[in-house]
Amino acid sequence: QEALYERISTGRRQRLHQQIGGRIEQGYGDQATEIAGELAMHFERGRAYAKAVHYHHGAGENAARRNAQREAIEHISTGLVLFDLLPDTTERTQQELTLQVTLGELLTTVKGFGVPEVARAFARALELCRQPTETPQLFRALLGLWTFYVERAELATAHEVAARLLQLAHTVQSGRLLVWAHLSLGITLHFQGDQVGARH
């Protein structure tokens with residue numbers, strides 16, 4: 001199989017991967033995400049990078065559901081690398097934002113909250129939050145950064161991020177986000193020794 005594969009020209013290989021990926025995608029229809037890893041490989045080798053990113057994301061989510069976090073991180077990281085080959089569009093920004101937040105959350109489960117890779121993923125997600133419609137992603141990115149700073153005992157910065165979380169939660173009037181924001185600020189104040197503020 002490998003010998004035959006090597007005899008096929010690069011251009012023909014690329015076309016074949018695109019065609020095979022397209023046929024499999026069509027055949028599976030709405031269930032295509034079940035074989036996202038295979039589709040990601042075909043579209044990546046076929047240089048259909050937008051579809052490859054989409055399916056790497058799906059494969060990452062599939063792996064995370066099976067508690068295969070390292071495999072999930074690999075798929076999400078590959079998807080992020082492929083973003084460099086895509087044109088700069090609003091859709092690409094939204095997709096990268098989702099992948100960065102997902103990567104940050106996966107990294108915390110595998111490497112812990114205080115590693116630099118976690119901060120980089122959430123900081124990049126924060127940079128990508130430009131629109132009010134991105135509030136849920138913005139909140140997740142801020143919450144991830146807050147966890148990173150608390151874990152490293154950088155409490156002044158953690159306090160700033162927690163205050164931002166509370167402000168954002170009040171702005172969107174979300175009860176669920178308010179709970180998380182109050183919790184993060186309360187924990188930070190507790191660690192800073194302000195027990196009255198923490199209790200409030």
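Visitor: Which residues does threonine 102 touch, not counting residues up to four places away in sequence?

Guide: His57, Ile76 and Arg140. Bear in mind that this is a predicted model.

Visitor: Where is threonine 102 found?

Guide: In helix H6. That helix covers 90-111.

Visitor: Is threonine 102 buried or exposed?

Guide: Buried. Its relative accessibility is 15%, and buried means under 20%, so threonine 102 makes the cut.

Visitor: Switching to histidine 190. What is its place?

Guide: Histidine 190 sits in helix H10, which runs over 175-191.

Visitor: And why does histidine 190 count as partly exposed?

Guide: Because its relative accessibility is 40%. Partly exposed lies between the buried limit of 20% and the exposed limit of 50%.

Visitor: What does histidine 190 touch, leaving out residues up to four places away in sequence?

Guide: Gln195 and Ala198.

Visitor: Now pockets. How much space lies in the largest pocket?

Guide: About 290 Å³.

Visitor: How many residues line the largest pocket, and which lie nearest its centre?

Guide: The lining has 14 residues. Nearest the centre are Glu105, Phe139, Arg140, Leu143 and Gly144. You met Arg140 earlier, as a contact of threonine 102.

Visitor: Which helices each supply at least two residues of that lining?

Guide: H6 (90-111), H8 (135-151) and H10 (175-191).

Visitor: Which helix gives the most to the lining?

Guide: H8, with seven residues.

Visitor: Let's zoom out. How many helices and strands are in the protein?

Guide: Eleven helices and zero strands. From the N terminus on, every element in the run is an α.

Visitor: What does the C-alpha trace span along its principal axes?

Guide: About 70 × 30 × 25 Å.

Visitor: How much of the protein is buried?

Guide: Buried residues make up 44% of the 200 residues.

Visitor: What about the area the protein exposes?

Guide: About 11,700 Å². Carbon and sulfur atoms supply 52% of that area.

Visitor: Contacts next. What share comes from residues 24 or more positions apart?

Guide: They account for 50% of the contacts with a separation of 6 or more.

Visitor: Last topic, charges. How many positive and negative ones are there, and how far apart are their mean positions?

Guide: There are 21 positive and 22 negative charges. Their mean positions are 4 Å apart.

Terms used
Residues numbered from 1 in each chain as written. Predicted model: local features only at pLDDT ≥ 70, side-chain atom pairs only at ≥ 80, totals over all residues. Heavy atoms only, no water. Helix = DSSP H or I, 4+ residues; strand = E, 2+ residues; numbered from the N terminus. Buried < 20%, exposed > 50% of the residue type's maximum accessible area, 1.4 Å probe, protein only. Contact = heavy atoms within 4.5 Å. Areas by Shrake-Rupley, 256 points an atom, 1.4 Å probe, with all protein chains shown as cover. Lys, Arg positive; Asp, Glu negative; His and termini not counted. Charge placed at Lys NZ, Arg CZ, Asp CG, Glu CD. 1 Å grid on protein atoms, 1.4 Å probe; cavity = no way out; pocket = protein on both sides within 12 Å on 5 of 7 lines; lining within 4 Å. Points joined across faces, edges and corners; volume = space filled by probe spheres on them.
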